Structures are given as structure tokens and as C-alpha cells.
Amino acid sequence: EKWAAMAARHGMTVSPVFDFVHRLFFETEDRAKGLEELEVTVRAVVRHFRNDERIVLWDIWNEPNMNDANTAEIMSWIAKMVQWCREEGCTQPITSSIVYLGGVANNTAADTELRLLREKTESMMDIHNYHDYECQDGFNQDTPTMVERFRKLDNRPLVCTECMCRTNGSTYARTLVDFARYNISFYTWGLYACDPNWEVKWDRSAFYNWEPMFHNALYMDGEPYDEKELQWVRDFRFSD
């Protein structure tokens, strides 16, 4: 409620992620008990906000394991979570960043079986949701690859809920060109420089002022990192 109210005061929407809840339950030894507790939590939260316009979508599971021993069970949990959300009368779109990496191997029968299971679970989503910090890499080939993957399932809307990485050239300008071309809505993960330390690129512990900041649109005092970036966001529209 506090976050939703704070966002609304500034004309912003909220996309809740249940990640902080289910990771703890999934790692418990008593999986059945963990699932029961997860259901109580998900149902209570969704029931409270089910008609709330401040909630733009529910991202029910962040980057689930794609190709390991836990994948099958995680997909079954996600399917249950979709069911709980709908039974509670959820009016906002339901999504999950199930397919968030472009290069997952499918070299064996087991890999293919997991891919088909992921796609079956993905097909339950109202909106297809993925992450991309590398729009600049490979001459922007990742975006059409992801779009084609989702289009093989259906023609539902696309949203990239994590994007933009200055340190590899995937700036707002370069990233939003892709999203405009393929009709992809988007969130940037960081808003302003603060404790989570999204100023620092991966594998580093400190931000160096002579390098481009990894992420975030604003400094701690609200000053834009680059005013031109904010103009890119303000002027964003899908291509004709």
C-alpha cells in the first residue's frame, strides 16, 4: 500500500514481483508447507489489489530456473500461482519472466522436454515478459530472436521488464529503437542511484565516475544522469 500510494503521487504504476516470497519457500525442506504458505500470501495480496489501477501487471516469478533439476517443479508452482490469481478475481495482466535468456541449450531430449514445459507455462501468461540488457550486442539481433520465440506461441503483448545497460552500449536510445520497432513495452529496473548500487556494472564493487553508469536514470539528488535520455522516454512511441 505504501509503495503503491507513493508511486501514484508521482504518476507511476507498480508491477509487484512475488520473488522475495517464493524463493524462501522453494528452498525450504518442507516443500508442501512452503507451497501452502505461498498460496496464502499470493491470494491475500492479489485479493487486496485485484481491482487497483495502480497495479499495472503482476510479475509472479522473476527469472525462474530455465534448465536444471528445479525447473519442472518451479513451472508447476508458477502454473498454480496463475490459477490462484485468477480465482481471486485478478483484473490486471499476469506475467512471469520465464524466458529471459536467449541462449539456453536444447541439445538433449531432457533439454527439449524442459523447453516444451517452459513454453506451456509461458502460454498461460496474459503478457509475455522478458529481460534484455544487450540490445546493442550482436547488432540488435537478440530482440527479433525473442520476438520470434514468443510469436510462435501466440500474438499477446510483449513487455521487457528489465532493460538498458550503458556499459555495453545498450543505452536508452539504442534500446528504445528496438522496442519501438517491435511494439515492446518496457520497464527500466533502476530509477535513481541508491542502496541497491545499480550504478555499478556487473562484476564490479564500485562506481567510477569516468565510466558510464551501468543503470539508473537519476542521481540521488534527482538530477538526471543525462537529460537526453529522459527525452527519449518522454517521446517514446511505437513505430507505424
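Me: Helices (H or I, at least four residues) and strands (E, at least two) are DSSP runs, numbered from the N terminus. With that in hand, where is Glu63?

Reply: Happy to start there, keeping in mind that this is a predicted model. Glu63 sits in the loop that runs between strand 1 (58–59) and helix 4. Its backbone is worth a look: Glu63 is not a glycine, yet has a positive phi of about 45°.

Me: Which other residue that is not a glycine has a positive phi?

Reply: Try Asp203, with phi near 70°. Asp203 belongs to the loop between strand 5 and helix 8.

Me: How do I read accessibility for those two? Is Asp203 buried or exposed?

Reply: The general idea is a scale with two cut-offs: under 20% relative accessible area is buried, over 50% is exposed, and in between is partly exposed. Asp203 has 82%, so Asp203 is exposed. Glu63 has 25%, so Glu63 is partly exposed.

Me: Where does Glu88 fall on that scale?

Reply: Glu88 counts as buried because its relative accessibility is 11%. Its place is the loop between helix 4 (71–87) and strand 2 (94–95).

Me: What does Glu88 touch there?

Reply: Leaving aside residues up to four places away in sequence, Glu88 touches Arg43, Val46, Arg47 and Arg50. For Arg47 there is a further detail: a polar contact of 2.8 Å joins its side chain to that of Glu88.

Me: Let me turn to strands. How do strand 3 and strand 4 pair?

Reply: For a pair of strands, look at the sense and the bridges. Strand 3 (residues 128–132) pairs with strand 4 in the parallel sense, over five bridges. To find one of them on your screen, go to His128, whose bridge partner in strand 4 is Leu158.

Me: Why is strand 4 described as largely enclosed?

Reply: Count its buried residues. Strand 4 (residues 158–163) has six of six buried, so the rest of the structure largely encloses that strand.

Me: Last topic, the surface. Which residues make a nonpolar patch?

Reply: Met12, Leu191 and Tyr192 make a nonpolar surface patch of about 280 Å². Tyr192 lies in the loop between strand 5 (184–186) and helix 8 (227–234).

Me: How does accessibility class Tyr192?

Reply: Use the scale from before. Tyr192 has 40% relative accessibility, so Tyr192 counts as partly exposed. Asp203, placed in the loop between strand 5 and helix 8, is exposed at 82%.

Key: Residues numbered from 1 in each chain as written. Predicted model: local features only at pLDDT ≥ 70, side-chain atom pairs only at ≥ 80, totals over all residues. Heavy atoms only, no water. Buried < 20%, exposed > 50% of the residue type's maximum accessible area, 1.4 Å probe, protein only. Polar contact = N/O pair within 3.5 Å; in protein donor to acceptor, adjacent residues only side chain to side chain. Contact = heavy atoms within 4.5 Å. Patch = residues over 30% accessible without salt bridge, like charges linked within 9 Å, V, L, I, M, F, W, Y side chains within 5 Å. Areas by Shrake-Rupley, 256 points an atom, 1.4 Å probe, with all protein chains shown as cover. Salt bridge = Lys/Arg side-chain N within 4 Å of Asp/Glu carboxyl O. Pairing = 2+ DSSP bridges.
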